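Dear colleague,

Here is the structure for your files. Please look it over before reading the notes that follow.

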Amino acid sequence: MLGRLNHVAIAVPDLAAASAIYRDTLGATVSAPLALPEHGVTVVFIDTGNAKIELLEPLGEGSPIASFLEKNPSGGMHHICYEVDDILAARDRLRETGARVLGDGTPKVGAHGKPVLFLHPKDFSGTLVELEQA
Ligand code: CO
């Protein structure tokens, strides 16, 4: 079921400052910021060749990463995203094994235009897991 690592997402309080560190200190190519109002974040992508890093900054009121940044004011790793061939089959299998799928279990369209689901961090070693349709 589990496919390749798609991205690691890092929540940051200041997207411009975090982008500058990746670009200037680490020498990475950083995409232009993309506002995703339906997800409450603005995101940039950094392609590391075998996967991506996404830097997430809160957008608007009630951003899903706002409370994370209150607990981690300088930012931190927010979630990890794996690809799956069939997201609905993956969801059903996870539910059968007792894992908690967040929300009502209906995939939303994620930052890459593909269906995504999130899994409860307490079921996955304290890490929020995103599944993305490959
Ligand atoms: Co993600």
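**Metal site**

Three residues coordinate the cobalt ion at 2.0 to 2.1 Å: His7 through NE2, His79 through NE2 and Glu130 through OE. Please keep in mind that the model is predicted. Along the sequence, the donor residues of the cobalt ion follow the spacing H-x71-H-x50-E. Distant parts of the chain are linked by the pair His7 and Glu130, which are 123 residues apart. His7 belongs to strand β1 (residues 2-11), and Glu130 belongs to strand β8 (residues 128-133). Both His7 and Glu130 are buried.

The remaining donor named above, His79, sits in strand β5 (residues 76-84). Its relative accessibility is 5%, so His79 counts as buried, the cut-off being under 20%. Two polar contacts involve the side chain of His79. One, of 3.4 Å, is with the side chain of His7. Another, of 3.0 Å, is with the side chain of His78. With neighbours within four places in sequence left aside, His79 is in contact with His7, Val8, Ala9, Leu56, Phe118, Leu128 and Glu130. That list therefore includes His7 and Glu130, which also coordinate the cobalt ion.

**Largest pocket**

The largest pocket holds about 740 Å³ of space. Its lining consists of 33 residues, and those nearest the centre of the pocket are His39, Pro64, His78, Phe118 and Leu128. Two or more residues of the lining come from each of β4 (52-58), α2 (66-71), β5, β7 (115-119) and β8. By type, the lining has 14 nonpolar, 12 polar and seven charged residues. Some names recur here: Phe118 and Leu128, listed nearest the pocket centre, are also contacts of His79, and His78 is the partner of His79 in the 3.0 Å polar contact.

**Loop between α1 and β2**

Val30 is placed in the loop between α1 (15-25) and β2 (34-36). Is Val30 buried or exposed? Val30 is buried because its relative accessible area, 19%, falls under the 20% limit. Not counting residues up to four places away in sequence, Val30 touches Ser19, Tyr22, Arg23, Val44, Phe45 and Ile46. Val30 and Gly49 lie 19 residues apart in sequence, with 13 Å between their C-alpha atoms.

Ser19, one of the residues touched by Val30, is part of helix α1. Ser19 has a relative accessible area of 8% and is buried. Apart from neighbours within four places in sequence, Ser19 is in contact with Val30, Val44 and Leu55. Val44 thus appears in the contacts of Ser19 and in those of Val30.

Ala28 is also in the loop between α1 and β2. Leaving out neighbours within four places in sequence, the contacts of Ala28 are Tyr22, Arg23 and Ile46. Ala28 and Ile46 are 18 residues apart along the chain, and their C-alpha atoms are separated by 6.8 Å. Tyr22, Arg23 and Ile46 are among the residues that Val30 touches.

**Loop between β7 and β8**

Ser125 lies in the loop between β7 and β8. Although Ser125 is not a glycine, it has a positive phi of about 60°. Its relative accessibility of 78% is over 50%, so Ser125 counts as exposed.

Regards

Methods:
Residues are numbered from 1 along each chain as its sequence is written. This is a predicted model: local features need pLDDT of at least 70, side-chain atom pairs count only at pLDDT 80 or more; totals for chains, interfaces and linings use all residues. Side-chain values use heavy atoms; hydrogens and water are left out. Helices (H or I, at least four residues) and strands (E, at least two) are DSSP runs, numbered from the N terminus. Buried means under 20% relative accessible area, exposed over 50%, partly exposed in between (1.4 Å probe, protein chains only). A polar contact is a pair of N or O atoms within 3.5 Å; within protein, one must be able to donate a hydrogen and the other to accept it, and residues adjacent in sequence count only if both atoms are side-chain atoms. Contact means heavy atoms within 4.5 Å. Donors are N, O and S atoms within 2.8 Å of the metal (3.2 Å for Na, K and Ca); water is not among the atoms, so sites may look incomplete. On a 1 Å grid over the protein atoms alone, a cavity is a set of points where a 1.4 Å probe fits but cannot get out, and a pocket is an open set with protein on both sides within 12 Å along at least five of seven lines; lining residues have an atom within 4 Å of a point. Grid points are joined across faces, edges and corners, and a volume is the space filled by probe spheres set on the points. Ala, Val, Leu, Ile, Met, Phe, Trp, Tyr, Cys and Pro count as nonpolar, Asp, Glu, Lys and Arg as charged, and the others, Gly among them, as polar.
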